[in-house]
Amino acid sequence: MVKDVLIIGCGCIGLSTGILLLKTKQYNSVKIWAKDLPPNVTSNKAAALWYPFLSNPPDKVGKWSAETMEYFQKHILNDPKSGTLLKKVNELFRKPKKEDPDWKPFIKSFRRARKDELPEGYADGYAIDDGFVMDTDMYMNWLVDTFKALGGQIEQREVVDIREPFIYSDIVINCTGLGAKELVKDGHMYPTRGQIVVVKNTSDRSIMDEEDYICYVIPRISNTVLGGTAQDHDYNMNPTKQDTDEILKRVAAISPKFSRRKLEILGVKVGLRPSRYEIRLEPELLQDNSKLLIHNYGHGGSGFTVSWGCAQEVLNLIQQNIPNLKQSKSKAPILQSKL
């Protein structure tokens, strides 16, 4: 039985994966190595609303989203330290929408919005009554504390060669997000820049309009997030006044209650979503089947939404592949990547 697991990456994906591994009590140690640690990770800068967004493939995203919703409802929402809130979610459309989202079959609570839920100027919408939202700083702290309380160890350590962690463990989980572009030479990875404006609380429900542009209002425990942008292949980590002004303009178009003169701006944040044509969640057996590398990255705008479902998938892949692991003859593997 393999006793040690090493995770690379300390965002919500890496931490969720580590927590589930520790809860199985099957491993001697579960460690995380990461170049950046919370609060200096992309996850801390996210709007963090449960909603499938900018990620594929639809069937797997739907399944993992439903599993994540179930996990939150059973294990997280009742913990005040987690910074999570149950929130009704509405996606709005100015014209009647013929089709339902691809992930509808996986979400039992999905329904069409009622007329009284539609702001002026909107003709249709999706509604989920049991969605949820995370105050990212609180939630990321909760993930770190939970991981450590279960016995997990975190080390700030940059990995530039994927062979390095295999010196210490025969099982490595790659949760590096955008970092996978360089670490495993994944040319399919690219950033999708997201800018948000944080204001004082203004609403009791989460609202989104993605028809012609991205616009959303996401109320959290101590503030409300207004967004946003989805600028592909843009590495600029600095907020821009142009984006801020455009976000406030779009939000005001949803409802006059969100006009700029009525908002108290607390801050502006920018994060780079780890985008890919589809989420990469798969195993690789390396060096004569003596090393197991599992990739769990490329979640786009759905990292929080699919985090626990993807973590469970990692556990399943480990169990499926452990019987195939042979006794290691060398400390460092020679990679034969699928990419």
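The following exchange concerns the domains, one pocket and one loop of a predicted model.

Me: What should a reader know about the model and its numbering?
Reply: Residues are numbered from 1 along each chain as its sequence is written, and side-chain values use heavy atoms, without hydrogens and water. The model is predicted, with local features needing pLDDT of at least 70 and side-chain atom pairs pLDDT 80 or more, while totals for chains, interfaces and linings use all residues.

Me: How do you know where domain 1 and domain 2 lie?
Reply: The bounds come from an automatic or database domain assignment. Domain 1 is 1–52 + 140–187 + 277–327, and domain 2 is 189–275. Their centres, taken over C-alpha atoms, are 29 Å apart.

Me: What makes residues of domain 1 and domain 2 count as in contact?
Reply: Contact requires heavy atoms within 4.5 Å. By that test, 18 residues of domain 1 touch 20 residues of domain 2.

Me: What is meant by the area buried between domain 1 and domain 2?
Reply: Buried area is the accessible area (1.4 Å probe) that two parts lose on being put together, summed over both. Here that area is about 1500 Å², with 67% given by carbon and sulfur atoms. On the side of domain 1, K45, A47 and L178 lose the most, together 40% of what that side buries.

Me: How many salt bridges join domain 1 and domain 2?
Reply: A salt bridge needs a side-chain nitrogen of Lys or Arg within 4 Å of a carboxyl oxygen of Asp or Glu. The count between the two domains is 0.

Me: Why is the second largest pocket called a pocket?
Reply: On a 1 Å grid over the protein atoms alone, a pocket is an open set of points where a 1.4 Å probe fits, with protein on both sides within 12 Å along at least five of seven lines; lining residues have an atom within 4 Å of a point. Its volume, the space filled by probe spheres set on points joined across faces, edges and corners, is about 420 Å³. Of its 19 lining residues, P52, P101, D102, W103 and E210 are closest to the centre.

Me: What makes P39 and P57 part of a loop?
Reply: Helices (H or I, at least four residues) and strands (E, at least two) are DSSP runs, numbered from the N terminus. P39 lies between two such runs, β2 (29–34) and α2, and P57 is in the loop between β2 and α2 as well. The peptide bond from P38 to P39 is cis, with omega near 10°, and that from N56 to P57 is cis, with omega near 0°.
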